[in-house]
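Visitor: I keep meeting words like "buried" and "antiparallel". Could you walk me through a real example?

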Amino acid sequence: MKMKNARKIAVFVFIFGLLLLPISVQASEVKTTVEEVSRSVWCPCGCTMLLSDCECETAYKVRTQIEQMISQGKTKEEIIFELQMIYGENILATPQKSGLELMLWVLPIAAAVGGTAIIYRLAYRKPSDVELEEEEYESEELLTAMAKYDEIFEKEYQKFRERVAKK
Amino acid sequence: MCKGMIGYVSLISAFLSTFCAIILFSVSLKKNHPGLIRFGRGALLLASVFITIAALWLFYLLVTRDFQSMYVASHTNRALPLVYTLSAFWAGQEGSLLLWAWALSLFTAVTLFVDKKNDEFAIYKSLTLAATLLFFLFTLMFAANPFQRLSFKPVDGLGLNPLLRSPGMIFHPPTLLIGYAGFTIPFAYAMAGLATGNEHWIYRSRKWALSAWIFLSVGIVLGGWWAYRVLGWGGYWAWDPVENASLMPWLVGTAFLHSVMIQEKRRGMKRWNFLLITFTFILVIYATFLTRSGILSSVHSFAESPIGIFFSTFIVLTLIASLGLFVSKYEVYRSRNIFEASLSKEVSFLFNNLLFVVLTVVILVGTTFPLISQALRGFQVTIGAEYYNEVTVPLGLVLIFLMGICPSIAWRRANIASLKRSFTWPIVASMVGLIISPLLGIRDFVGLLMVFICVFVVASHGLEFWRGIKAEGKTKGFGYVRNLWRAVQKNRRRYGGYLVHISIVIILVGITASSVYDSSRMFTLSRGETYSIEGYTLSFEGVKVSEKADRAVFTVSLLVLKDGRVIHEATPSIEYYEKMEQYITRVHIHTVGLKDLYVIPLEVWEDNATFKVKILPFVNLIWIGAFLMLASTVFAMTSSEKAVLKNQDLKGNGR
């Protein structure tokens, strides 16, 4: 019985691990590039495009600013913070992992954990009395149907034997 | 009668007919009089006739360029070609909502013709459809009237947004809206099923759900295709709020299409299926609201409007009605316990559903976050692609991996022997794929992970096909091809579904390869200068300026050379619309096999020009895969209901 439980838990740990794979499969940070930073902010011109995709004059200007900041040795976080100071908080395209935005990062994990827990509960739920009664009723139905088919088979078989005997 | 009145009177008549139908159906629920139900059906059919008149009238106003109509004047002008003038029907909010109502009214009429029963189930179904139709007619009459008239007659209209003058826009919005409207039908069946305790709603709504799913899928793919060819940034999916809005009902709808199998086969997950289709419908309404309200900043926000309060109220009322019914029938609509082991098809379907739902929740919260931020902090923070990619891509990969497991795992309880039988060869194939990958230049982690998952899924499906061939061979003993054809013919739904899975793998390969292994360069060339990228040489030949009725076009001539030989002339352009004071970039895409050479003109002068050129390998696999996916879904849909019922527990069971 203990072995059985251990197997159940192992299966769920494996599947849950699969669900958590997303967290470990994130691209590792290498050297900060203009492309990398400009994927995380909106173009301040109001075109609703990412800075990396926009080709307007404002986008050029901001990208040059980023280039300068990189040459000053600033990290991605520092550059984004500085851009926020210049253009306002709504320039951010990737939510921060703090404050209200933290909700966006926690939610997928919470949903996956909650969902897995519900599935675990469902998968190992004991059938209720009503369900057991229903199953019993269904098997009665099945037995009645089988008895009917047995009867038909017997009749057909009898006819077949009679025909063979006549020949 | 004044020109504008015909359309509006048709809308009022449709509204009154629908209202009468609701009254008649409601009364007939208490007094089961066949005459009342027949009248109710007649009133609903009459409403669809009136809406059809209104829709045709809007087409008439567009074709005759009646600029006194505010809608025609706002979205067309004399210079606009006829085909785009017709497509202006769905260019604005009012026309889009009319198209929604029109599609729904026609679907409703079809259900009334197909399903002629006058039982309680039919009444509840018609009531739900009529109530939804009534909402759209109410919105059209009081908040988004497409037949509003101007007090004067302008000489010309403002014209269509240049971004919408693309073949993609002729088909993308209508297919998407038809898909949205289509999901109302399975929702209506579900409501009727829940209200009457009739479990057969799941069969009767199957083809409707699949049809709506097909339209929605086509709409989404065409949207990506339009973005790729028109928006000029070399991508097809930007996680824009409106794109997300269409993806959410698609995800929940897909979860529904999977979980109905559990109800059909094992009579389980009845409540869950009802919730899935209800939320698909709610998300469809939410998507229409987001697309056309302009509440969120998006490349699709062409207008802002006051429809928000109408849609919010309808969403809340639908939630109260459907969840209220759900709670009141909670005990009646009970599933039996179908989960016998953790390793079973049932549990794998549960995880599949969980992933679809988690993905939807992530996208829903991300899309709605600007509104949450606005409400709590006073400013909007729009979430960009990076967040969605970080969270959804890995979840999607797990989902795809599960796609390789679900079809091969046994119902009820899988044992070690059956798992070995089902997954040994797919795992071996994946390992072989991993070994070969470095030889093909795939050495990064994401690439290798993709190879493993994709090969696994294709191999596990291949094994299923092989099993089908073997089974046929045992009984009939024809050749492999004939046996395969017979197996597929016998179970179109199953094998159609497998082909959909394989198509998704093809799409995935296209997405990964074009986004991970793409290359992009930006450069300026003077006349006669060349630039080389990935084996191609681009030679700038000059600029041609041409004046059109409503715009000036600056077309660049860029010769594409390979091994010193001219293989193509790229002619990207920049268009200037004087009246709108708007510059539009028209990219040039040169397709070589599965790869695209994507040329974006950034700045064009008389003797020099600045370009951004992208090489997108395997990008065309996305469109090929999408086409295969849709063809496979249509194939799966052709299986008759009898064939579906043949092996089900529920055959002849009205519970």
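Guide: Let's start with a strand pair: β1(B) and strand β10 (residues 608-616) of chain B run antiparallel and are joined by eight bridges. Keep in mind that this is a predicted model, where local features need pLDDT of at least 70, side-chain atom pairs count only at pLDDT 80 or more, and totals for chains, interfaces and linings use all residues. Residues are numbered from 1 along each chain as its sequence is written, chains are lettered from A and ligands numbered from 1 in the order in which they are written, and side-chain values use heavy atoms, with hydrogens and water left out.

Visitor: What makes β1(B) and β10(B) a pair?

Guide: Two strands pair if DSSP finds at least two bridges between them, and here there are eight, so the rule is met. B:L525 stands opposite B:A609, for example, and B:T524 has B:T610 as its bridge partner.

Visitor: Which strand pairs with β10(B) over eight bridges and forms a hairpin with it?

Guide: That's strand β9 (residues 595-604) of chain B, again in the antiparallel sense. Three residues sit between β9(B) and β10(B) in the hairpin, and B:V604 has B:A609 as its bridge partner.

Visitor: Why do β1 and β8 of chain B stand at the edges?

Guide: The open sheet has four strands in the order β1-β10-β9-β8 (chain B), with antiparallel pairing. β1 (519-526) and β8 (588-592) each have a single partner strand, so one side of each has no neighbour in the sheet. From one strand to the next, the twist averages 20°.

Visitor: How do you know that β10(B) is mostly covered?

Guide: Eight of its nine residues are buried, and buried means under 20% relative accessible area (exposed is over 50%, partly exposed in between; 1.4 Å probe, protein chains only). Across chain B, 60% of the 655 residues count as buried.

Visitor: On to helices. Why are α12(B) and α13(B) called roughly antiparallel?

Guide: Helix α12 (residues 270-293) and helix α13 (residues 308-328) of chain B pack at about 175°, their axes 10 Å apart. Angles over 145 degrees count as roughly antiparallel (under 35 is roughly parallel, 65 to 115 roughly perpendicular, the rest oblique), so that label fits α12(B) and α13(B). By class, their contact (heavy atoms within 4.5 Å) has 14 nonpolar, five polar and one charged residues. Among the residues that meet are B:F281 and B:F289 in α12(B), and B:F311 and B:F314 in α13(B).

Visitor: Those are aromatic residues, aren't they? How many aromatic pairs does the structure hold?

Guide: There are 42 over all chains. One cluster linked by ring pairs includes B:F281, B:F289, B:F311 and B:F314, along with B:W100.

Visitor: What makes B:F59 and B:W102 an edge-to-face pair?

Guide: Rings of Phe, Tyr and Trp (its six-membered ring) pair if their centres lie within 6.5 Å; planes under 30 degrees apart count as stacked, over 60 as edge-to-face and the rest as tilted. B:F59 and B:W102 have centres 6.4 Å apart and planes at 65°, so they are edge-to-face. B:F59 is in helix α2 (residues 34-63) and B:W102 in helix α5 (residues 93-114) of chain B, 43 residues apart. B:F59 and B:W102 are buried.

Visitor: And why is the pair of B:F465 and B:Y498 called edge-to-face?

Guide: Their ring centres are 6.1 Å apart and the planes stand at 70°, so the pair is edge-to-face. B:F465 lies in helix α17 (residues 445-475) of chain B and B:Y498 in helix α19 (residues 492-516) of chain B, so the pair ties together parts 33 residues apart in sequence.

Terms used. Axes are lines fitted to C-alpha atoms, for helices over the stretch in contact, and angles run from 0 to 180 degrees between N-to-C directions. Helices (H or I, at least four residues) and strands (E, at least two) are DSSP runs, numbered from the N terminus. Ala, Val, Leu, Ile, Met, Phe, Trp, Tyr, Cys and Pro count as nonpolar, Asp, Glu, Lys and Arg as charged, and the others, Gly among them, as polar.
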